[in-house]
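Me: I have a sequence with its model here, and I would like a close look at a single part of it. Please take one stretch of strands and walk me through how its pieces fit together.

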Amino acid sequence: MRPLPALALALVILLAGCGTGFQGTPAPAATPDSTETAAPTAPGTPAPSTPTGAETEAPTGTGTEAEPGTDTGAPSASGFDFADPPEDRLGWEDGLWYNESLAITPEDGLNATELNATIARAMARIEVVRETEFTETVPVTVINRTTYRQEFAGGDANYTPAFRAFDNTKFEAMFMIGEERDALGVQNTNRGSNVLGFYSPPQDEIVVVSESATPTLSTEFTLAHELVHALQDQRFNLSEYRAPTRDAYNGQNGLIEGEASLVEDRYRQRCAAGWSCLNVSTGGGGGGGGDLHLGIYFVNFFPYSDGPGFVASVYRQGGWEAVDDLYADVPASAEQVIYPDRYGEDPPVDVSLSDSASGEWERVCPDAPRPGSLRPDYATLGQSVLSSMFAYTLYDDYNSSRLVGPREWLNYDEDGNLNASDPLNYDLPVTNGWEGDRMHVYANPETGPNQTAYVWRIAWENATEAEEFAAGYRRLLAHWGGSRVSGSQDHWRIDSGPFADSFYVEVDGDTVTIVNAPTREDLGAVYDGYAPPS
């Protein structure tokens, strides 16, 4: 592996081991056209700055507001009466007010009473920040990372060969996982290394992952994030949100994870401003280490990076009521999350792509992995995945070339530091202008079990945007060792490496069609529009 440049190393330090989310079977995180169907959570919450040092419950905080209006309906800490109210109210849960201090010593771990008190106070605090009442308590379990890997990140042996072939081919098309590796296994390894917690709608339960061998809650921020998901579930029934494709999933989760991340960030601000908060230093960087695949991480990280900005833009226009309204009409694509002004105004295009495979080549149509899951016979990857595909050339270990500069991909704050709440920029010039895409996957038993083919058609706003993407894609082929066949810019061949195959790039007005197959002859067998080089 080539050494990571300093900026890449900074990104690894910021992101590694920082993942929270919600489990869905068949909730939203369970039904993208990738492998979140097999895992309890989508990794990816960044780690914003926290109060310095280990805190053991400082004196009662002041309830200082992070933004105007976020404490509406909650009591003031000034001259505060901590007596239980006659009936449930905002900012009070299970005998605790949001601004109370707890007589606990978190350094030696929390016993059941201390954990329950921390959960109750965190629920009260979420109510204050989100201005919404919980209707019931939420069970919380704390496990260590070894247990998480064994019970939740081990994959699913019940996947059919067709499902595996389909999933492997998508990640091959992204130039992230070659044909010789199992995409499901690589993604499960990522989850095992970076997930910090998840909420499961079917079980109505939060699981927090502890880095210590004896599981203990060292901070309340992951807990806060997952409590937002529990609150969403109580109000909107997250199990009803099912996204059939990766792009639809990233649009939908731009709302669900975006709101949770935004509320968590405001929660952190309150802790920095005066709330007494559980935040014990563990002496490490968090996470479970392991072989983190940054390309896959970028694909999954999108809702946590751009989602908070999308939700914040809606909040600025109409407060939390406007955010609530989004659940009746979630973003239809990652593009609508990247560009909030396009929400409701620029729906993705339904790309037309007919089958024309001949000979032994047949369409791969995977079954849904579980009853109730959605699994179309095509993939739609979206702008966020396309951006991840190009950005991964900054970090892959294939060669030293890159197609995206660090200043294009990484967001910095006004002080020149990597922006912890929105570190990645999925609005790249080469992918801006995406309108829709559709990918069909094909297999041929004569070519071997791991060799597949695909036709990927991507629609753009206009012919100029299509040409810009096609030019960028050709550079991507060259990055991975590709060369032109007979001097044609449409015909390419990668002779060795993880993505050795033949490629055909067709530009027709505002549409780009990419065809991939093991050989040049196979290109014509899977796509009747293929024109051999002269």
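Reply: Two strands are taken as paired here if DSSP finds at least two bridges between them, and that is the cut-off to keep in mind for what follows. Please also bear in mind that this is a predicted model, and that every value below is computed from it.

The part to look at is strand β14, which spans residues 501–508, together with the strands on either side of it in the pairing. Strand β13, residues 491–494, is joined to β14 by four bridges, and the two run antiparallel; because the cut-off for pairing is at least two bridges, these strands count as a pair. Within this pairing, H491 is the residue that stands opposite Y504 of β14. The connection between β13 and β14 is a hairpin with six residues between the strands, and in this hairpin G497 takes a positive phi near 100°.

On leaving β14, one comes to strand β15, residues 511–517, which is joined to β14 by seven bridges and again runs antiparallel to it. Here E506 of β14 faces a partner in β15, for it stands opposite T513. These two strands also form a hairpin, this time with two residues between them, and G509 in the turn has a positive phi of about 65°. Strand β14 is thus paired with β13 and also with β15.

How is β14 placed with respect to the rest of the structure, enclosed or open? Six of its eight residues are buried, so the strand is largely enclosed by the rest of the structure; the cut-off behind the word buried is a relative accessible area under 20%.

For a bench biochemist, the cysteines deserve a separate note. A search of the whole structure finds one disulfide, and it is formed by C271 and C277, whose sulfur atoms are 1.9 Å apart. The link between C271 and C277 is left-handed, with -85° about the S-S bond. Both ends of this link can be judged by the cut-off used for β14: C271 is buried, with a relative accessible area of 4%, and C277 is likewise buried, with a value of 0%. C365, by contrast, is partly exposed, with a relative accessible area of 40%.

Key. Residues numbered from 1 in each chain as written. Predicted model: local features only at pLDDT ≥ 70, side-chain atom pairs only at ≥ 80, totals over all residues. Heavy atoms only, no water. Disulfide = S-S within 2.5 Å. Buried < 20%, exposed > 50% of the residue type's maximum accessible area, 1.4 Å probe, protein only.
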